[in-house]
Amino acid sequence: MKYKFALISFLALVLCGCHKVEEDKKPVVDGEVVWLQKATEGKGIDLVIMGDGFTADMIRSGTYEERMRTVAESYFSERPLSDYRHLFNVCYIVAVSEQAGIGDGVNTCFGMKKEKSGSYIGSHSMVELYVENALGHERLQRSQNIVLGNYKEVGGTTYMASVPDNDWGDGRSIAYIPMCNSDRMLRCVVLHESAGHGLGKLGDEYFYNGRGVIGESEKEKIRTYQQRGFYRNIDLTLDPLQVKWSRFIQDPRYADEGLGVFKGAFYYEAGVYRPTNDSLMGEVRELFSSFNAPSREALYITMHKFAFGDDWEYDYETFVEQDLK
């Protein structure tokens, strides 16, 4: 009887231990929406963050949430985003992948991968399905979305849903961004891709050596998009009195910002120009850089249009007063 009792007690302890392990494994709900903040003014600009290549165990351990919060803080780590954070609704959506990592042959929720061109891509339709289930169809149309790939490489690609009919860069965007090799680099890529391209509809302020002079078809593309509120930070003229940011060049309050007309942008060495020698819309580097004044202005305009509607009117002096605080 003595030994029998000991055996029963041992089995009971084992069973209790197993039960405790099962209790610790909290259920992971695919598609669950976790709100990080709600807008306190305006209609609310929806920023939605998701991860690809994160398994249920990674979500359960807290790794997923930590990465989502890091992306959110990166997005608001630079002016003018930090000044107007109160205009945003920010959430992340739980997305469960069967396998960790991204790329061809890896079974993930959004199928994110790097193409031969160096661009990142995923299933737009699947991303939009998750966002629509979370926010509804109407809010999906203007949502700003980030998919963080579980892969340590520097890069990122932003896609626009369509060219808007208005003149301020309306519409949703999806930025596919890998985790990069450090949080400092991730910060720069998130700001460049999702804030700069996705929200501000800004153009790239860098060029490739040997790319040469921009052609007429690309010039026409820039002109067409600029009529819709895109590319306020690049131009096709070298004249400082005619360039889109001429007002800033002539404004003595911006004399210390290094503004001018610098050759090379939109991937081309010549024929297209940028406002400053370096900025967050230039080559993405871990070294600290910021949005230049024309880019801050573009972000200011799109944020306020998103938040307050088409009837909101831009005033240069009001912007400058806020910008130079």
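1. Two strands are said to pair if DSSP finds at least two bridges between them. In this predicted model, strand E2 (residues 45-52) pairs with strand E3 (residues 88-93) in the parallel sense, over six bridges. Within this pairing, Asp 46 of E2 stands opposite Asn 89 in E3.

2. Strand E2 is also joined to strand E6 (residues 144-149), again by six bridges, and these two strands run parallel. Here Met 50 stands opposite Val 147 in E6.

3. As to the surroundings of E2, eight of its eight residues are buried, so the strand is largely enclosed by the rest of the structure. Ile 45, Leu 47, Ile 49 and Gly 51 point one way from E2, while Asp 46, Val 48, Met 50 and Asp 52 point the other way, and burial applies to all of them.

4. A separate point concerns Asp 235, which lies in the loop between helix H7 (216-226) and helix H8 (246-250). Leaving aside residues up to four places away in sequence, Asp 235 touches Gln 226, Gln 242, Val 243, Lys 244, Trp 245, Val 272 and Tyr 273.

5. What is the nearest side chain of opposite charge to Asp 235, and how far away is it? That side chain belongs to Lys 244, at 5.4 Å, and Asp 235 has no salt bridge although the residue is buried; a salt bridge would need a side-chain nitrogen of Lys or Arg within 4 Å of a carboxyl oxygen. The side chain of Asp 235 does, however, reach the backbone nitrogen of Lys 244, at 2.9 Å.

Conventions:
Residues are numbered from 1 along each chain as its sequence is written. This is a predicted model: local features need pLDDT of at least 70, side-chain atom pairs count only at pLDDT 80 or more; totals for chains, interfaces and linings use all residues. Side-chain values use heavy atoms; hydrogens and water are left out. Helices (H or I, at least four residues) and strands (E, at least two) are DSSP runs, numbered from the N terminus. Buried means under 20% relative accessible area, exposed over 50%, partly exposed in between (1.4 Å probe, protein chains only). Lys and Arg count as positive and Asp and Glu as negative; His and the chain ends are not counted. A polar contact is a pair of N or O atoms within 3.5 Å; within protein, one must be able to donate a hydrogen and the other to accept it, and residues adjacent in sequence count only if both atoms are side-chain atoms. Contact means heavy atoms within 4.5 Å.
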